[in-house]
Amino acid sequence: MTQTLNYIGPQTAMVLAAGLGTRMRPLTNDRPKALVTVAGRTLIDHMLDRLVAVGVRKAIVNVHYFADALEAHLRGRTDLEIVISDERNQLLETGGGLVRALPLLGEDPIWVANIDSLWTEHQPALAALSAAWDPNRMDSLMLVAPVSQCLGYDGAGDFHLTPDVYDPETGELAFRGAAPTAAYAHMGVHILKPQALIGQPEAPWSLADLWRQQAANGRAWGVVLDGFWMHVGDPVARDAAEARLADPKPTGG
């Protein structure tokens with residue numbers, strides 16, 4: 001994989017945990033989606049565990065729905081610094097939430113992670129993403145999953161991928177556009193240059209708008225997961241993910 005000399009990977013992450021979790025009801029009637037458990041561990045802890053394992057030392061977590069409960073839970077983590085980005089007064093979606101947190105993110109590349117993404121892997125996925133990061137060619141580098149290797153995702157795919165000549169599991173992304181299907185879905189984890197957020201509004205907007213601009217300029221890239229992705233978006237998907245994680249040798253994962 002393409003690797004920047006002496007690059008050790010992002011040490012700061014933005015974890016997007018402020019959503020209302022409406023599709024996850026009734027499990028979110030008394031808690032934020034981030035505190036829904038799968039296999040005995042909360043969704044946000046699953047993601048923070050992954051990030052700590054790849055060298056993250058600081059996580060900025062945005063909060064809105066049941067914010068007090070989420071903050072209280074996060075105070076129990078002692079393996080990394082956690083900073084709260086408060087969206088109690090207005091939910092800013094993925095893009096606006098990052099802009100709100102921009103003063104906390106620093107200037108170096110960061111991880112951006114949703115809390116509803118779980119996966120099994122043959123090779124460490126975040127380490128592969130970190131190793132493939134090349135700031136000379138990329139403004140975003142996303143972890144993507146083949147739509148044939150996932151559960152809880154019912155879309156037609158997000159991206160086409162043109163493989164890199166040196167590594168077919170890494171490539172430039174193009175949005176599906178008018179095509180009926182695309183082979184890969186965004187898994188909710190990517191590396192981003194914070195500078196891409198400068199000048200963007202601190203108001204509700206989706207990061208997908210920024211990715212479209214980056215893809216049009218050849219600056220959005222992806223790494224294909226070597227494993228199986230679980231999008232935990234509703235109670236049925238939560239139960240299916242829990243069952244799959246309980247199976248030591250799931251088919252195709």
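Which residue forms a salt bridge with K33? In this predicted model, the partner is D116, and the closest N and O atoms of the two side chains are 2.9 Å apart. K33 sits in the loop between β1 and β2, while D116 belongs to the loop between β6 (110-114) and β7 (117-121), so this pair ties together parts of the chain that are 83 residues apart in sequence. If you look for the two residues in the structure, you will find both K33 and D116 buried.

That pair is a good way into the wider set of charged contacts. Side chains of opposite charge can pair when their charged atoms come close. Here, the structure holds 18 salt bridges, and a few of them are worth a visit.

Let us start with D30, which forms a salt bridge with R31; their closest N and O atoms are 3.1 Å apart. D30 is partly exposed, with a relative accessible area of 47%, and R31 is also partly exposed, at 32%. The buried pair of K33 and D116 makes a useful companion view.

Moving along the chain, R137 forms a salt bridge with D134, with 3.2 Å between the closest N and O atoms. What is the relative accessibility of D134? The value is 8%, and because buried means under 20% relative accessible area, D134 counts as buried. R137, at 24% relative accessibility, counts as partly exposed.

Salt bridges can also be followed through a network in this model: R41, D45, D49, R77 and D79 are linked in this way. Try selecting these five residues together to see how the network of salt bridges runs.

Now let us turn from side chains to the backbone, beginning again in the loop between β1 (12-16) and β2 (37-38), where P26 lies. The peptide bond leading from R25 into P26 is cis, and its omega is near 10 degrees.

Two further backbone stops concern phi. F66 has a phi near 50 degrees, a positive value in a residue other than glycine. F66 is found in the loop that joins β4 (58-63) to α2 (67-74), and its relative accessible area of 33% makes this residue partly exposed.

The other stop is E93, whose phi is positive as well, at about 60 degrees, although E93 is not a glycine. Where does E93 lie? Its place is in helix α3, which covers residues 93-105. With 45% relative accessibility, E93 counts as partly exposed.

Notes. Residues numbered from 1 in each chain as written. Predicted model: local features only at pLDDT ≥ 70, side-chain atom pairs only at ≥ 80, totals over all residues. Heavy atoms only, no water. Helix = DSSP H or I, 4+ residues; strand = E, 2+ residues; numbered from the N terminus. Buried < 20%, exposed > 50% of the residue type's maximum accessible area, 1.4 Å probe, protein only. Salt bridge = Lys/Arg side-chain N within 4 Å of Asp/Glu carboxyl O.
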